[in-house]
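Thanks, everyone. I would like to spend a few minutes on pockets and on a ligand, so please have a look at the structure before I go on.

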Amino acid sequence: MIHPSKKGKQLLEWEVYATIDQLSLIEQQVLQLAKEHLQYSHSPYSNFKVGTGLLLENGELIGGSNQENASYPLCLCAERVALAAAASIHPHTPILTLAVTVKHPEKIISKPAMPCGACRQVICEVEQKQQQAIRILTQGEQGEIFVFPSGLSILPLAFDASYL
Ligand code: THU
């Protein structure tokens, strides 16, 4: 029998809020902004809308939405649209919170809208850059709201600049 010399394990923790009014006022506003930005989604190919909201340390809120392209691989996720906007407008202001929500054209999504793997990688890059964790707040079109303490917590063992 071959045995490993050690085993690794990582615990994933998050908070669950049953409704939006259980969040702090400012986090209600970030999630509300993400919902408002669903209307700016350019998604004629998937018809799947994603809205995002960012809360910056200076109190400013920045929204984003997915922006698709007839050349499909060029589609931009809503998370990365908002993060790039924040980096362009306020390059030195840390991001405290990222809210994500979705709207499916034919069904109601009642589970939290989790950022895709590529967006998790980008969120981790921003966390490294600003040396500060970003709270990730996610909700489907309805249902429970999940809050994760950081991007890194949802991308365990992430690749980062330390390898380069
Ligand atoms: N999408 C996002 O905007 N964020 C994610 O984290 C996952 C997927 C977008 C990309 C595409 O426009 C549509 O959702 C369907 O994949």
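The largest pocket holds about 280 Å³ of space, and I should say straight away that this is a predicted model. Its lining is made up of 19 residues, of which Phe48, Val50, Glu79, Val102 and Met114 are the closest to the centre of the pocket. If we ask which elements contribute, helix 2, covering 78–89, and strand 4, covering 95–103, each provide at least two residues of that lining. Sorted by class, the lining of the largest pocket comprises 14 nonpolar residues, two polar ones and three charged ones.

Now to the ligand, and where does the ligand sit? The ligand is found in this largest pocket, and the residues around the ligand are Ser46, Phe48, Val50, Asn66, Glu68, Cys77, Ala78, Glu79, Pro115 and Cys116. In terms of class, that shell consists of six nonpolar, two polar and two charged residues.

Let me go through the contacts made by oxygen of the ligand, beginning with a side chain. An N or O atom in the side chain of glutamate 68 is 2.5 Å from an oxygen atom of the ligand. The other two that I want to show involve the backbone: alanine 78 has a backbone N or O atom lying 2.9 Å from an oxygen atom of the ligand, and for cysteine 116 a backbone N or O atom likewise lies 2.9 Å from an oxygen atom of the ligand. As for how much of the ligand is covered, on its own the ligand has 370 Å² of accessible area, and the protein covers 76% of that.

I will finish with the second largest pocket, whose volume is about 170 Å³. Here 13 residues form the lining, and those closest to the centre are Pro91, Thr93, Val126, Lys129 and Gln130. Which element gives the largest share of this lining? That is helix 2, with four residues, while helix 2 and helix 3, the latter covering 117–130, each supply at least two. By class, the lining of the second largest pocket contains eight nonpolar, four polar and one charged residues.

To bring the two parts together, helix 2 supplies at least two residues to the lining of the largest pocket, and helix 2 also supplies four residues to the lining of the second largest pocket.

Key. Residues numbered from 1 in each chain as written. Predicted model: local features only at pLDDT ≥ 70, side-chain atom pairs only at ≥ 80, totals over all residues. Heavy atoms only, no water. Near = heavy atom within 4 Å. Polar contact = N/O pair within 3.5 Å; in protein donor to acceptor, adjacent residues only side chain to side chain. Areas by Shrake-Rupley, 256 points an atom, 1.4 Å probe, with all protein chains shown as cover. 1 Å grid on protein atoms, 1.4 Å probe; cavity = no way out; pocket = protein on both sides within 12 Å on 5 of 7 lines; lining within 4 Å. Sits in = over half its atoms within 2 Å of the grid points. Nonpolar A, V, L, I, M, F, W, Y, C, P; charged D, E, K, R; others polar. Points joined across faces, edges and corners; volume = space filled by probe spheres on them.
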